[in-house]
Amino acid sequence: MPTRRDELARDPDLAPLWVAVHRRLCSGAQPATISAIRVEGLSPNGIAVLRSWLDTTARRRRDRSAVESRGAVTVVPIRQVLDVLGIPADDLIPLVELAVGRPVVNLAAQRREALAQRRDLWADVEAKLPTLPALVARMRAAGTDNEESVLTLVDGLAEIVSRLPFDPPTSLAKLSHDHAGDPHYFDLDRLAGARLVSAVAERSGTPEPTRPDLIRAMLTKVGILADRLSATVLLHQVQVTGDGPVDRRLRDATTPVPVTLLDLTVHPPALAPQVLTVVENPSVLEAAMRCGSPIALACTSGHLGSVDHALLQLAVDHGVDLRYAGDLDGPGLRIAGQVAAIYGATLIAMSPDVVRRAGPAPSAVAFGDPPEWIDPELRDAIASSGRVVYQEHDAALEVLFGSDQPMATIPKPDAARAPD
């Protein structure tokens, strides 16, 4: 048989009251301390029911009601309601949980407990990484919702930093495997890898590098070898003057030679003074071989990685005259801007003339909005067709390998305007 508590909990007119009480209890209030509650959305029937319980004297019926309504908000003296109904304060929580359908959880207590746990967590992190206060501060500012992952990272960093420098050197994948059980844990494109870079820089007292080749060079100095073999840059007809193993490979080759970061850092070739045209796509090297072009070429295969930066820096160090050509799309223009800004390369086959020669439909891919930093004439030319011009288009290849090779009108961005 339903009890009085069941009837109250199931009364739809009183549902907003129990929701408001539930919210108050979850904020940390104790049932016995709640004297009145502000309720939004209480229906006229609900207000009438409450007043029928509380406005029992002639004065109450005639003058001010015990249940006050101000617009959409009603102030209910909940303690009086419980007294009138004969419900002990201790029964308020089960009544509200039955009405709302959710348990009362002391969120304030949970927040206090979580705060205490976070204080303990960061105190533990500080104790494990006493020589890395800047990194700890950065991690603390970033926050976390997974303490276990933070402690796993910190334990690995603490062990690695304590052993620096590694002699003999060891690979980054080996460190990841031994200290986190995952060969890819400290990969440099992951957060854990970024934290490792920050830790090594702070431990070494050096500014944290951002270029991928400089990051790997810094790690190499402390005996941590990031991947130096899988990524390559293709070199074709590049002239060299040295007699090292990479020089000999380049001198003897008749087809493009894949060169690794290991090649460029351990056995760097001695590049002869020349004009080196750096392109974005391997298909351009295929076109060069097909037409028998004699020009020296390097291919980065898209976004600049560590091996590409290493080659470009090596070329600058040897006085090589750099030219760069990429796809006329958003990523291609950003890469071109980086190469021009950082290494002083001249941009070719990326001019308004190339876009106009490519025609009204140079590809099936829409360009979108051309970046604001490029030359206005080039931006207008791209906007006229609204399509991407890829390096595979004859209009670009003819500029690269034809008799006339007009220079691009894209300005070399300064530090303030160069895209990231």
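In this predicted model, Pro165 sits in the loop that connects helix H9 (147–163) with strand S4 (170–171). The bond leading into this proline is worth a look: the peptide link from Leu164 to Pro165 is cis, and its omega lies near -10°. The loop between H9 and S4 also holds Pro168. Here again the preceding bond is cis, joining Asp167 to Pro168 with an omega of about 5°.

Another backbone detail turns up at Gln237, which belongs to the loop between S6 and H13. Gln237 is not a glycine, yet its phi is positive, with a value near 60°.

On the scale of the whole chain, the domain assignment divides the protein into domain 1 (4–105), domain 2 (110–225) and domain 3 (232–401). By these bounds, the two cis bonds into Pro165 and Pro168 fall in domain 2, while Gln237 falls in domain 3.

The residues of domain 1 include a sheet of three strands, open and antiparallel, with the order S1-S3-S2. Strand S1 (37–40) and strand S2 (68–70) each have a single partner strand and stand at the edges, so one side of each has no neighbour in the sheet. On average, and with direction ignored, neighbouring strands of this sheet are turned by 25° against each other. S2 and strand S3 (residues 73–76) run antiparallel and are joined by three bridges. In one of the pairings between these strands, Arg70 has Val73 of S3 as its bridge partner. Helix H2 (residues 15–26) packs on the sheet, where its contacts are with S1 and S3. The direction of H2 makes about 130° with that of S1.

A second open sheet is built from six strands in the order S7-S6-S9-S8-S10-S11, and its pairing is mixed. Its edges are taken by strand S7 (257–260) and strand S11 (346–347), each of which pairs on one side only. Within the sheet, strand S8 (residues 275–279) and strand S9 (residues 296–299) run parallel, with four bridges between them. Val279 is found opposite Cys299 of S9. Helix H13 (residues 245–252) lies across strand S6 (232–236) and S7, and it runs at about 165° to S7. The loop that carries the positive phi of Gln237 thus links one of the strands under H13 to the helix itself.

How do domain 2 and domain 3 meet, and how many residues of each are in contact? Their centres, taken over C-alpha atoms, are 36 Å apart. Four residues of domain 2 contact nine residues of domain 3. The size of an interface is often given as the accessible area lost when the parts come together. For domain 2 and domain 3 this buried area is about 440 Å², with 66% of it coming from carbon and sulfur atoms. On the domain 2 side, Arg211, Pro212 and Asp213 account for 82% of the area buried against domain 3, more than any other three residues. As for polar links, two residue pairs are in polar contact between domain 2 and domain 3, both at pLDDT 80 or more. Salt bridges across this interface number zero.

Technical notes: Residues numbered from 1 in each chain as written. Predicted model: local features only at pLDDT ≥ 70, side-chain atom pairs only at ≥ 80, totals over all residues. Heavy atoms only, no water. Pairing = 2+ DSSP bridges. Helix = DSSP H or I, 4+ residues; strand = E, 2+ residues; numbered from the N terminus. Axes fitted to C-alpha atoms, helices over the stretch in contact; angles between N-to-C directions. Contact = heavy atoms within 4.5 Å. Domains from an automatic or database assignment. Buried area = accessible area lost by both parts, 1.4 Å probe. Salt bridge = Lys/Arg side-chain N within 4 Å of Asp/Glu carboxyl O. Polar contact = N/O pair within 3.5 Å; in protein donor to acceptor, adjacent residues only side chain to side chain.
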